[in-house]
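Me: Please give me a close look at a single part of this model, starting from one residue and working outwards. I should like the surroundings to be described in one connected account.

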Amino acid sequence: MKLFKRIEINVLATAMLYIVLGLLFVLLPGVTERVICYLIAAALALMGIVYIVEFFRGGEASIQKNSLAVGMLLALAALFMLLKTNVVVAAIPILLGMAVVVSGVLKLQNTIILYRMRNRLWIAALVLSLLCVAFGVVLIEDPFLEARVLITVIGTALLFSGITDIVMLFIMSRKIKEIKKASKEAAHERVAPKPLESAEIPTKDTPAQ
């Protein structure tokens with residue numbers, strides 16, 4: 001359960017990052033792509049630091065998740081974006097589109113888990129994951145002629161991805177808590193002592209068999 005708690009924190013942090021960036025792009029569609037590049041680089045660097053710190057504080061679970069390697073890769077990606085801004089600016093729609101597609105695929109995986117758990121919300125989760133993938137594909141194709149429209153669509157996609165990540169996290173967390181509670185109750189019933197039946201004690205008045 002500690003591992004799931006750390007995964008929850010990582011997913012929540014990523015979702016909040018998507019929401020903040022999405023709000024920024026939607027509310028300020030006139031922001032330049034270079035500024036977007038700097039913001040994404042800062043976000044990647046922050047995520048990299050989180051993973052690296054988790055590696056040194058998380059013990060065996062973090063080693064199994066390769067937190068140090070992931071953190072270093074994120075930090076290197078941030079450094080590349082700062083040093084090669086002109087190259088990255090042209091690829092921003094593709095990069096963010098791929099990020100949203102990956103988010104949708106992860107939601108699809110959670111949808112399958114919900115289906116196996118017989119949770120009735122798996123259909124809603126499936127719709128959300130497919131919409132997220134569709135958003136990402138639109139960003140990768142980049143059919144927009146005006147930069148302002150593109151920025152607004154990017155912001156909307158990031159907002160949708162972040163909010164749906166939090167919704168899926170809430171659903172999965174609640175279901176896992178229900179399973180944990182049910183397993184505890186079942187274990188308690190197995191170990192609970194059964195009441196002893198009162199044995200009939202023969203007396204003098206009892207006729208012999």
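Reply: A69 is partly exposed, because its relative accessible area is 40% (buried means under 20% relative accessible area, exposed over 50%, and partly exposed in between, with a 1.4 Å probe and protein chains only). A69 belongs to helix α4, and this helix is the part examined here. The model is a predicted one, in which local features need pLDDT of at least 70, side-chain atom pairs count only at pLDDT 80 or more, and totals for chains, interfaces and linings use all residues. Residues are numbered from 1 along each chain as its sequence is written, and side-chain values use heavy atoms, with hydrogens and water left out.

Helix α4 spans residues 67–83 (helices are DSSP runs of H or I with at least four residues, strands are runs of E with at least two, and both are numbered from the N terminus). Confidence in the protein is highest in α4, at a mean of 88 (pLDDT is the predictor's confidence in each residue, from 0 to 100). The lowest confidence falls in helix α3, residues 60–64, with a mean of 53. Where pLDDT is low, the predicted coordinates should not be read in detail.

Several residues relate helix α4 to other parts of the chain. The C-alpha atom of A69 lies 9.2 Å from that of G48, a residue 21 positions away in sequence. A78, also in helix α4, is buried because its relative accessible area is 4%. Its C-alpha atom is 5.5 Å from that of L44, although 34 residues separate A78 and L44 along the chain. When neighbours within four places in sequence are set aside, A78 is in contact with A41, L44 and A45 (contact means heavy atoms within 4.5 Å).

M47 offers a view from helix α2. Between M47 and L74 the C-alpha separation is 7.0 Å, with their positions 27 residues apart in sequence. L74 is also among the residues that M47 touches, together with T14 and L17, not counting residues up to four places away in sequence.

The outward side of this region can be followed through L79, another residue of helix α4. L79 counts as partly exposed because its relative accessibility is 43%. Together with L73, L76 and L83, L79 makes a nonpolar surface patch of about 440 Å² (patches are made of residues with over 30% relative accessible area and no salt bridge; like charges are joined within 9 Å and nonpolar side chains, namely Val, Leu, Ile, Met, Phe, Trp and Tyr, within 5 Å). Accessible areas come from the Shrake-Rupley method with a 1.4 Å probe, and for residues only the protein chains shown count as cover.

F56 is placed in helix α2, which covers residues 33–58. The C-alpha atoms of F56 and L68, 12 residues apart along the chain, are 8.2 Å from each other. F56 also leads to the aromatic pairs, of which a search of the whole structure finds three (rings of Phe, Tyr and Trp, the last by its six-membered ring, pair if their centres lie within 6.5 Å; planes under 30 degrees apart count as stacked, over 60 as edge-to-face and the rest as tilted). One of them joins F55 and F56, whose ring centres are 5.2 Å apart and whose planes meet at 85 degrees, so the pair is edge-to-face. F55 is partly exposed because its relative accessibility is 22%, whereas F56 is exposed because its value is 63%. Another edge-to-face pair is formed by Y115 and W122, at 4.9 Å centre to centre with 70 degrees between the planes. W122 counts as partly exposed because its relative accessibility is 28%.

The count of salt bridges comes to one (a side-chain nitrogen of Lys or Arg within 4 Å of a carboxyl oxygen of Asp or Glu). The side chains of K107 and D165 form this bridge, at 2.7 Å from N to O. K107 lies in helix α5 (residues 85–116) and D165 in helix α7 (residues 147–191), so the bridge ties together parts that are 58 residues apart in sequence. Both K107 and D165 are buried.

For the protein as a whole, there are seven helices and zero strands. Of its 209 residues, 33% count as buried. Among contacts between residues at least 6 apart in sequence, 77% join residues at least 24 apart. The protein exposes about 13,900 Å², and carbon and sulfur atoms supply 70% of that area. The average pLDDT is 78, and 80% of the residues score at least 70.
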